[in-house]
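Q: Please take a close look at one salt bridge in this structure. Then work outward from there to the rest of the fold.

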Amino acid sequence: MADKVGAPPRAWQRMLSGRRLDLLDPSPLDVEISDIAHGLARVARWNGQTGGDHAFSVAQHSLLVEAIFSRQAKNPSPDDQLAALLHDAPEYVIGDMISPFKSVVGGGYKQVEQRLQHAIHVRFSLAPEIDEKLKKQIKRADHIAAYFEATTLAGFSVQEAAKFFGRPRGITTDGFDLTCRPAKAVQGAFLKRFEAIERLRGVKT
């Protein structure tokens with residue numbers, strides 16, 4: 001439905017939890033993990049250009065990144081693991097925009113993404129801005145996941161994926177789930193992992 005003539009454009013989204021999340025000024029109080037899990041499980045990676053009966057969702061990607069991060073990091077804290085799991089959490093609102101399109105859109109997209117990430121971190125008692133060392137570790141896991149997804153699911157050659165994401169060293173796909181799964185199953189797996197990390201953090205779920 002269009003906004004009334006003369007009224008300011010609507011900048012909030014109603015969530016299934018009943019929350020109204022303002023994209024311009026997101027409040028941590030309007031962030032719910034149930035909404036994040038539901039949304040991410042229904043956002044397709046690679047613009048849906050992957051094989052299989054189901055999309056490979058951002059929720060699956062987030063689980064993969066956290067698993068890679070936890071395998072490679074030295075004694076990661078539960079806070080660090082949660083930061084890895086939620087590294088793409090803003091996409092439950094703004095979707096997974098592929099990198100070439102981000103380049104076209106420019107800085108406005110990044111500002112919205114950063115405000116949402118800040119609100120999400122505050123909601124779950126993480127540092128609003130994670131330190132550079134942790135950010136680099138998560139980004140490394142993100143690139144490894146992207147390489148695995150690109151070569152396994154998205155039709156990239158090894159050479160092409162290595163050019164864009166770098167070739168992983170000392171790690172293979174063994175033990176990681178790269179099957180395209182139904183949204184509800186992934187949603188449940190994401191929530192289960194979130195709750196497991198929260199228990200490690202001493203937070204009652």
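A: The pair to start from is E149 and R45, which form a salt bridge with their closest N and O atoms 2.9 Å apart. A salt bridge here is a side-chain nitrogen of Lys or Arg within 4 Å of a carboxyl oxygen of Asp or Glu. This is a predicted model, in which local features need pLDDT of at least 70 and side-chain atom pairs count only at pLDDT 80 or more, while totals for chains, interfaces and linings use all residues. Residues are numbered from 1 along each chain as its sequence is written, and side-chain values use heavy atoms, with hydrogens and water left out.

The two partners are distant in the chain: E149 sits in helix 7 (residues 132-152), R45 sits in the loop between helix 1 (33-40) and helix 2, and 104 residues separate them. Helices are DSSP runs of H or I with at least four residues, strands are runs of E with at least two, and both are numbered from the N terminus. Both E149 and R45 are buried. Buried means under 20% relative accessible area, exposed means over 50%, and partly exposed lies in between, using a 1.4 Å probe and protein chains only.

The loop that carries R45 also contains W46. W46 is not a glycine, yet it has a positive phi of about 60°. Most residues other than glycine have a negative phi. At 16% relative accessibility, W46 counts as buried. A second case is N75, again not a glycine, with a positive phi of about 50°. N75 lies in the loop between helix 2 and helix 3 (78-85). With 76% relative accessibility, N75 counts as exposed.

Back in helix 7, K139 and D142 form another salt bridge, at 3.5 Å from N to O. These two are three residues apart in helix 7, so about one helical turn separates them. K139 is partly exposed because its relative accessibility is 42%, whereas D142, at 12%, counts as buried. In helix 9, R201 and E198 pair at 2.6 Å, N to O. R201 and E198 are also three residues apart, and therefore about one helical turn lies between them. Both R201 and E198 are buried. Elsewhere, R19, E32 and R123 are linked in a network of salt bridges. The structure holds ten salt bridges.

Helix 9 is also one partner in a helix packing. Two packed helices are described by the angle between their axes and the distance between the axes. The axes of helix 2 (residues 58-72) and helix 9 (residues 183-201) come within 9 Å and cross at roughly 35°. Those axes are lines fitted to C-alpha atoms over the stretch in contact, and the angles run from 0 to 180 degrees between N-to-C directions. The crossing of helix 2 with helix 9 is left-handed, which means the near helix is turned anticlockwise from the far one by less than a right angle. Helix 2 contributes A59, Q60, S62, L63, E66 and S70 to the contact, and helix 9 contributes V186, A189, F190, R193 and I197. Contact means heavy atoms within 4.5 Å. Sorted by type, the residues of this contact are six nonpolar, three polar and two charged. Ala, Val, Leu, Ile, Met, Phe, Trp, Tyr, Cys and Pro count as nonpolar, Asp, Glu, Lys and Arg as charged, and the others, Gly among them, as polar.

Two of these contact residues have further neighbours. S62, in helix 2, is buried, with 0% relative accessibility. Leaving aside residues up to four places away in sequence, S62 touches L40, A84, L85, H87, D88 and F190. On that basis, F190 touches I33, I36, A37, L40, A59, S62, L63, L85 and L86.

F190 also belongs to the largest nonpolar core, which has 55 residues; I36, I68, L86, Y92, F124 and F190 have the most contacts inside it. A nonpolar core is a set of buried Ala, Val, Leu, Ile, Met, Phe, Trp, Tyr and Cys residues joined through side-chain atoms within 4.5 Å. Elements giving two or more residues to this core include helix 1, helix 2, helix 3 and helix 9. Helix 7, where the account began with E149, gives the most, with nine residues.

For the chain as a whole, the secondary structure comes to nine helices and two strands. Of its 205 residues, 42% are buried. Among contacts between residues at least 6 apart in sequence, 65% join residues at least 24 apart.
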